[in-house]
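Colleague: I am new to this structure. Please take me through the pockets closely, and then through the packing behind them.

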Amino acid sequence: MIKIMELMIVNYHYVGNEDEYKSGIYPVSLFNFGHQLDLIGEQYSFISERDLVAAIEKRGSLPDKSCLVTFDDNLKCQYTEAIPVLKKKNIPAVFFTFTEPYESKRASVFHKIHFVMSRAPADQLLNKVMENYSNRHHFDFDWSKIDQEKIFGWYRYDSENSAKFKYFLNYLLDKKEAGEIVNDLFIEYYPKGEENFCREWYMS
């Protein structure tokens, strides 16, 4: 007889004041974070990474309805804001971290994208990116050749300009050129320097 179990994995990124950014960065407030955990806890049993691995290796079993809480991207706000809530509620979590911001003092491209989108309207950013591309290639990018449904399929919660901006940088350029264009924008909107950004945003 096969026993059916349900495993839900809930992933978080930014944790903090929900009113701090108008776009680009969408943190969950401490109140809402705690409230979400309480609601999940009414239906699911929280498990740890060890619990999950033991079940996979058949050294243990999971509750019928389990939830694993995870965090991506090594953001400092997860350490300062989320961990105290998790400890208070005695809920385990998995933090997926990467060391480049600490070792090389370089921020990830996607965090730079999030940041500039929190500082300027999407139409303005898209225009700047298109101008940068035209200056590099000596011709304008032709959006008519791109499947618009695919763009909005990837970014269904974004405005048209926001979706185009992210899709262009993430999928239509090679990694090197996308990184260079994002860096040009990032320097404009964060003049304090990338090393300082890494100290402010990432765990050591």
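Modeller: What follows starts with the pockets and then turns to the cores and a few single residues. Keep in mind that this is a predicted model.

Start with the largest pocket. Its space comes to about 540 Å³. How many residues line the largest pocket? The lining has 24 residues. Nearest the centre lie Gly-24, Tyr-26, His-114, Asp-158 and Lys-166. Three elements give two or more residues each to this lining: strand E1 (6-12), helix H5 (109-119) and helix H8 (160-172). Which of the elements has the largest share? That is H5, with 4 residues. By class, the lining of the largest pocket holds 13 nonpolar residues, 8 polar ones and 3 charged ones.

Now the second largest pocket. Its volume is about 380 Å³. Here 19 residues form the lining. Ser-108, Val-109, Phe-110, Lys-175 and Gly-179 are the ones nearest the centre. H5, H8 and helix H9 (175-189) each supply at least two lining residues. H9 gives the most, with 6 residues. What is the make-up of this lining by class? The second largest pocket has 7 nonpolar, 4 polar and 8 charged residues in its lining.

So much for open space; next comes the packing. The largest nonpolar core has 38 residues. Phe-165, Phe-168, Leu-169 and Trp-201 touch the most other members. Two or more residues of this core come from each of H5, H6, H8, H9 and helix H10 (194-201). H9 has the largest share of the core, at 6 residues. H9 also gives the most to the lining of the second largest pocket.

Take Phe-168 by itself. What does Phe-168 touch, once residues up to four places away in sequence are not counted? The list is Val-129, Met-130, Tyr-133, Phe-141, Trp-143 and Leu-173. Another core lies apart from the largest one. This other core has 15 residues, including Tyr-44, Ala-82, Val-85 and Leu-86.

Stay with H9 for a moment. Ala-178 is found in this helix. Is Ala-178 buried or exposed? Ala-178 counts as buried because its relative accessible area is 5%, and the cut-off for buried is under 20%. Leaving out residues up to four places away in sequence, Ala-178 touches Leu-169 and Leu-173. Leu-169 is one of the core residues that touch the most other members. Leu-173 is also on the list for Phe-168. Look at Gln-148 as well. Ala-178 and Gln-148 are 30 residues apart in sequence. From C-alpha to C-alpha, Ala-178 and Gln-148 are 20 Å apart in space.

Two polar residues round off the tour. Ser-134 sits in helix H6 (residues 122-137). Why does Ser-134 count as buried? Its relative accessibility is 16%, which is under the 20% cut-off. The side chain of Ser-134 is joined to the side chain of Asp-140 by a polar contact of 2.8 Å. With its neighbours within four places in sequence left aside, Ser-134 is in contact with Phe-139 and Asp-140.

Asn-196 lies in helix H10. Asn-196 is buried too, at 18% relative accessible area. Its side chain makes a polar contact of 3.1 Å with the side chain of Arg-199.

How values were computed
Residues numbered from 1 in each chain as written. Predicted model: local features only at pLDDT ≥ 70, side-chain atom pairs only at ≥ 80, totals over all residues. Heavy atoms only, no water. 1 Å grid on protein atoms, 1.4 Å probe; cavity = no way out; pocket = protein on both sides within 12 Å on 5 of 7 lines; lining within 4 Å. Points joined across faces, edges and corners; volume = space filled by probe spheres on them. Nonpolar A, V, L, I, M, F, W, Y, C, P; charged D, E, K, R; others polar. Buried < 20%, exposed > 50% of the residue type's maximum accessible area, 1.4 Å probe, protein only. Polar contact = N/O pair within 3.5 Å; in protein donor to acceptor, adjacent residues only side chain to side chain. Contact = heavy atoms within 4.5 Å. Core = buried A, V, L, I, M, F, W, Y, C linked by side-chain atoms within 4.5 Å.
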